[in-house]
Amino acid sequence: MSHSVELQNVGMAFGQTRAVSNVSFTVEGGEFFSILGPSGCGKTTILRMIAGFLEPTEGRILIGGRDMRGLGPDRRPTAMIFQSLALFPLMPVWENIAFGLEARGVSKAERRKKAEELLKLVALEGYGDRMPGELSGGQRQRVAIARALAVEPQVLLLDEPLSALDLKLRQHMRAELRALQKRTGVTFIYITHDQSEALAMSDRVAVMSEGVLQQVGAPRELYDNPVTPFVARFVGETNVVEGRIAAVENGITSVDTAYGPLRGRAVANLAPGMPARLYVRPEALEHKGQGANKLTATIERIDFEGAFALAHGRLEDGRPLIASIPSTELNQAPAVGARVSFVFREANAVVLPDG
Amino acid sequence: MAELFRRFGGGLGTLFLALVAVWLAGMVLAPNLTMIDYALRPNLPPAEIGGQRDVYSLDNILYLANESVHRAIFFKTVWASALVTFITLVVCYPIAFWLAQRATPGQAAVVILALTIPFWINEVLRTLAWYILLAFRGPLNALLLVIGIIDEPVRWYGDIGVLAGMTYAYILFMLFPIYNAIESLDRSQLEAARDLGASVWRTHWRIVIPHSKAGIATGCVFTFMLAAGSYVAPALLGSPGSRWFTEIIYNWFFEGGDWNRGAAYALVLLVLCLAVVLVTLKLARVNLTDVAK
């Protein structure tokens with residue numbers, strides 16, 4: 001079993017600027033764990049603190065139960081895959097992969113053998129003598145992974161390594177990374193700003209915003225039960241309706257809004273009279289259904305996205321509303337300009353305190 | 001060339017080309033051809049120039065080959081210039097690396113300014129400053145005596161003085177090419193090397209030096225040529241025992257009155273410098289065009 005990574009009240013300040021505040025979470029050994037957030041949210045700072053390039057100004061980081069304070073990146077059981085990949089352009093592929101072994105004084109024959117094994121693992125057999133510049137983006141990606149795995153790390157840290165690839169290749173590499181992680185059993189900590197990437201690959205995801213940890217959970221949990229407004233808006237598309245709590249019972253909240261009373265699940269502690277917002281996903285809105293939980297909008301346009309279409313409408317007071325329609329039902333879709341009532345089930349909406 | 005005409009039109013384009021041609025012919029080709037011409041002719045009284053005895057031969061160059069003192073000074077100049085180059089490289093590489101990869105923009109600006117300011121004054125005056133510093137009763141001896149490192153003043157003029165003066169004089173010619181080369185190195189490569197467990201030495205040997213090879217070769221070529229052709233530092237900071245080949249050339253021209261032999265000696269020095277440049281570039285596998293950049 002690979003090492004776990006534990007952050008205890010970790011904070012980081014660069015002079016007056018605070019990058020990370022009081023972050024605690026535990027990544028289990030062998031887990032594929034993502035840190036998700038917009039750029040500038042502190043996720044890269046966290047990764048660099050785990051790698052040892054930065055020393056946290058507060059709190060501690062434990063890897064495999066051992067406090068990492070004072071240990072540089074060369075002395076931690078981690079290996080990092082950089083956003084730029086940072087392959088050594090003047091070394092052939094096999095020397096790139098074996099560089100960590102070279103630094104450990106392994107003999108040349110042994111290094112070559114290990115490099116060939118790793119090339120096989122990442123499906124690049126026969127590429128050992130090429131130069132990195134002669135490889136495609138996806139191949140370079142795999143060389144970077146092989147180079148990091150060569151030092152047999154307990155924890156692999158990945159800093160948005162797929163961001164430079166085109167969409168098809170990115171989707172392919174996601175699957176490959178995931179498979180590789182399962183095969184090697186190494187703990188993966190993956191940084192990304194792309195929520196679909198995080199949801200698709202990870203066992204669990206930590207969502208960050210402005211240096212503060214918002215929520216840690218499995219992808220479904222983040223999507224279905226966001227605990228902060230940031231998570232509700234950042235993970236997936238959503239519609240937001242402002243209002244005031246009317247009543248709470250059995251975990252279902254009734255919210256008084258400008259469009260009448262609406263009901264949804266109460267995720268956090270709520271009391272009548274509190275300002276609150278109701279979040280409902282585009283796919284939870286049905287234009288053919290009947291019921292009390294209803295939002296009425298005028299359709300402005302329908303964007304075809306492939307598997308589904310997004311109907312963009314305006315509520316009575318001009319606020320936007322997005323509903324998704326499966327492509328198989330597009331022939332029954334409402335016409336542009338029509339006034340349509342969208343209903344949703346209370347189990348599919350979430351109510352969070354305002355703020 | 002077509003680009004030049006397209007951009008500036010026929011008249012202006014032709015003018016630019018003509019200016020470059022005149023400059024090359026008048027400032028580069030003509031003096032060098034004249035020097036070769038002089039080098040291969042004997043030194044004759046004015047009446048005999050163009051006469052029977054005025055024929056081309058290698059006599060002046062052979063004279064250097066057979067004159068053991070001059071020959072020794074020539075080879076000493078070669079290896080001493082190589083030593084100056086090596087010392088300058090050892091001094092400049094860490095500074096260049098620090099400036100390019102570690103210093104904050106503020107620190108880099110201050111250090112580069114401090115290194116550049118002395119070069120605003122003339123080379124002779126700069127060398128004169130070293131002349132004062134290294135004097136027998138000068139500040140360096142005084143300081144070392146006070147600290148107690150030496151018991152009596154040291155005569156610095158000579159090999160040490162020349163080495164110090166030249167290293168100082170050519171620092172920037174070594175520093176900037178290396179700095180430019182190292183600056184273009186992606187910092188994440190250094191981090192990746194460290195993350196993979198490489199020591200500082202290995203990171204430099206395997207990553208930084210190969211990356212900055214062209215800059216290092218350029219700096220070495222510049223420094224070697226300047227050192228081999230240097231006159232001021234050996235003249236001011238040297239001693240009779242540390243004569244430089246350029247001083248011999250000077251003597252043939254202005255004291256010996258034998259321009260032909262002086263030209264022959266200068267030609268040998270020029271050929272040597274060219275050879276060193278080409279061999280260095282070959283060894284470093286760098287193109288001449290990379291150096292020009």
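Two helix axes count as roughly parallel at angles under 35 degrees, as roughly antiparallel over 145, as roughly perpendicular from 65 to 115, and as oblique for the rest. Keep that scale in mind for the opening stop of this tour, which runs through a predicted model.

Select helix H4 (residues 108-121) and helix H5 (residues 137-150) of chain A, whose axes come within 9 Å and cross at roughly 130°; H4(A) and H5(A) are therefore oblique to each other, and their crossing is right-handed. To see the contact itself, show the side chains of A:Lys114, A:Leu118, A:Leu119 and A:Leu121 on H4(A), together with A:Ala146, A:Leu149 and A:Ala150 on H5(A). Of these contact residues, six are nonpolar and one is charged, with no polar residue among them.

Next, select strand E9 (residues 204-209) and strand E10 (residues 212-217) of chain A, which pair in the antiparallel sense over five bridges. E9(A) and E10(A) form a hairpin with two residues between them, and in that turn A:Glu210 has a positive phi of about 50°. Beside the turn, A:Ser209 stands opposite A:Val212 in E10(A).

Now bring both chains into view, and select the contact between them, which takes 16 residues from chain A and 15 residues from chain B. On the side of chain A that touches chain B, strand E6 (78-81) and helix H3 (99-103) are the elements that give two or more residues, and H3(A) supplies the largest share, three residues. That side of chain A divides into twelve nonpolar, two polar and two charged residues.

Finally, select residues 5-235 of chain A, which an unreviewed UniProt entry lists as "domain: ABC transporter". Over this range the chain is 36% helix and 26% strand, and the end C-alpha atoms are 24 Å apart.

Terms used. Residues are numbered from 1 along each chain as its sequence is written. Chains are lettered from A and ligands numbered from 1 in the order in which they are written. This is a predicted model: local features need pLDDT of at least 70, side-chain atom pairs count only at pLDDT 80 or more; totals for chains, interfaces and linings use all residues. UniProt positions are given in the numbering used here, feature names are shortened, and annotations may be inferred rather than shown by experiment. Helices (H or I, at least four residues) and strands (E, at least two) are DSSP runs, numbered from the N terminus. Two residues are in contact if their C-beta atoms, placed from the backbone, lie within 7 Å. Ala, Val, Leu, Ile, Met, Phe, Trp, Tyr, Cys and Pro count as nonpolar, Asp, Glu, Lys and Arg as charged, and the others, Gly among them, as polar. Two strands pair if DSSP finds at least two bridges between them. Axes are lines fitted to C-alpha atoms, for helices over the stretch in contact, and angles run from 0 to 180 degrees between N-to-C directions. A crossing is left-handed if the near helix is turned anticlockwise from the far one by less than a right angle, and right-handed if clockwise.
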